[in-house]
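The following exercises are to be worked with the sequence and the model side by side. Try each task before reading its solution.

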Protein chains: 2
Amino acid sequence: MRTKSKPAQQARSSDLTGAAKLFRALCDPQRLRLLTLISRAKPEICVCDLNDEVSLVQPTVSHHLRVLKDAGLVTRERRATWMYYRLADGAKPKVRAALASIFARNDKAKG
Amino acid sequence: MRTKSKPAQQARSSDLTGAAKLFRALCDPQRLRLLTLISRAKPEICVCDLNDEVSLVQPTVSHHLRVLKDAGLVTRERRATWMYYRLADGAKPKVRAALASIFARNDKAKG
DNA sequence: TATCTATATTGACAGTTGTCAATGTTTGCT
DNA sequence: AGCAAACATTGACAACTGTCAATATAGATA
């Protein structure tokens, strides 16, 4: 047969596996730039400073920050009128684990 | 002022930075599954076997494989009518480097 | 050459996403 | 209360993307 008979399906954001969900948050250059800035902050950075660093209007920055937050990569805290973002506690291990789940070797070293 | 005055722009796949480009290849669950299968193959796997593992028609699998190949994550080699895919040599380091570029700390440990 | 098998490419379509403008919300200050 | 500043949310739109059907290509074999 030419293809297998398979039910039509639309794999969408809804059924993203954990790892894919994480990488999806990382796959935009502007968002990656924001995450980098947050990651290098010591230990946090407010939205106004982030706004100054990218060529995007404020609502767009806000959108990207939400995506990063929803992915569990950053956390935020309000102080007065400012909102401070910082790297989430388990951010790096989480991404490393996602990678490991892909590249994990299940062969036994010979010997 | 409310936002800064900024030129309208459409950041699209065209100007994806290296790291974002890589993560974009990783952000689909089916593609991730294919990459995992390729990664665990010893050392290669043909398209027909990949087809059997996912609920996608053959052209869609072919499409995902091309994305992985264009991202430099896998290589392929034809033998007879079969096409064999394997993990690209620098695949893992490449992704690790992309991650490092985001999470790199540029603070000096207090000493 | 004809034909079959394995895989890639093209075309179309609907769902998703990044962007901006407009508006809403929260907080601080007068 | 009234107002301004900082940030979030909503709505709209075009570009992108994952998917399938149809078709093309390459190699093997008769």
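**Exercise 1.** List the buried residues of α1(A) and state what they pack against.

Solution. The model is a predicted one.
Step 1: Apply the burial cut-off, which is 20 or more other C-beta atoms within 10 Å. In α1(A), the residues that count as buried are Ala19(A), Ala20(A), Leu22(A), Phe23(A), Arg24(A), Ala25(A) and Leu26(A).
Step 2: Relate this list to the whole helix. Helix α1 of chain A covers residues 18-26, and seven of its nine residues are buried, so the helix is mostly covered.
Step 3: Look for the partners. Within chain A, the buried residues of α1(A) pack against α2, α4 (58-70) and α5 (91-103). From chain B, α1 (18-26) and α2 (29-40) also take part in this packing.

**Exercise 2.** Which residues is Phe23(A) in contact with, leaving aside its neighbours within four places in sequence?

Solution.
Step 1: Search chain A. The contact there is Ala98(A).
Step 2: Search chain B. Phe23(A) is in contact with Phe23(B), Leu26(B) and Cys27(B).
Step 3: Place Phe23(A) in the core. The largest nonpolar core has 50 residues, and Phe23(A) is among those that touch the most other members. The others named with Phe23(A) are Leu22(A), Leu68(A), Leu22(B), Phe23(B) and Leu68(B).

**Exercise 3.** Check the length of helix α2 of chain A against the expected span, then describe its surroundings.

Solution.
Step 1: Helix α2(A) consists of twelve residues, 29-40.
Step 2: The expected span is 1.5 Å times one less than the number of residues. For α2(A) this gives 16 Å.
Step 3: Compare with the model. The end C-alpha atoms of α2(A) are 16 Å apart, so the two values agree.
Step 4: Find the buried residues of α2(A). They are Pro29(A), Arg31(A), Leu32(A), Arg33(A), Leu34(A), Leu35(A), Ile38(A) and Ser39(A).
Step 5: Find the strands that the helix crosses. α2(A) lies across β1, β2 and β3 of chain A, and runs at about 85° to β3(A).

**Exercise 4.** Give the order of the strands in the sheet of chain A and explain why β1 and β2 each have a side without a neighbour.

Solution.
Step 1: Set out the elements. Chain A has five helices and three strands. Read from the N terminus, they run α-α-β-α-α-β-β-α.
Step 2: Order the strands. The three strands form an open sheet in the order β1-β3-β2, with antiparallel pairing.
Step 3: Find the edges. β1 and β2 of chain A stand there with a single partner strand each, so one side of each has no neighbour in the sheet.
Step 4: Inspect one pair. β2(A) and β3(A) run antiparallel and are joined by six bridges. In one of these pairings, Val74(A) has Leu87(A) of β3(A) as its bridge partner.

**Exercise 5.** Describe the hairpin of chain B and decide whether Ala80(B) is buried or exposed.

Solution.
Step 1: Identify the strands. β2 (residues 74-79) and β3 (residues 82-87) of chain B pair in the antiparallel sense over six bridges. Glu77(B), for example, has Tyr84(B) in β3(B) as its bridge partner.
Step 2: Examine the turn. Two residues lie between β2(B) and β3(B) in this hairpin. Ala80(B) is not a glycine, yet its phi is positive, at about 60°.
Step 3: Count neighbours. Ala80(B) has 6 C-beta neighbours inside 10 Å, and the limit for an exposed residue is 12 or fewer, so Ala80(B) counts as exposed.
Step 4: Turn to Arg79(B), which is in strand β2 of chain B. Arg79(B) is exposed because it has 9 other C-beta atoms within 10 Å.

**Exercise 6.** Find where the cis peptide bond that joins Lys42(A) and Pro43(A) is placed, and look at chain B as well.

Solution.
Step 1: Read the angle. For the cis bond between Lys42(A) and Pro43(A), omega is about -5°.
Step 2: Locate the proline. Pro43(A) is found in the loop between α2 and β1 (45-46) of chain A.
Step 3: Go to chain B. The peptide bond from Lys42(B) to Pro43(B) is cis too, with omega near -5°. Pro43(B) lies in the loop between α2 and β1 (45-46) of chain B.

Definitions and conventions. Residues are numbered from 1 along each chain as its sequence is written. Chains are lettered from A and ligands numbered from 1 in the order in which they are written. This is a predicted model: local features need pLDDT of at least 70, side-chain atom pairs count only at pLDDT 80 or more; totals for chains, interfaces and linings use all residues. Helices (H or I, at least four residues) and strands (E, at least two) are DSSP runs, numbered from the N terminus. Two strands pair if DSSP finds at least two bridges between them. Two residues are in contact if their C-beta atoms, placed from the backbone, lie within 7 Å. A nonpolar core is a set of buried Ala, Val, Leu, Ile, Met, Phe, Trp, Tyr and Cys residues joined through C-beta atoms within 7 Å. Axes are lines fitted to C-alpha atoms, for helices over the stretch in contact, and angles run from 0 to 180 degrees between N-to-C directions.
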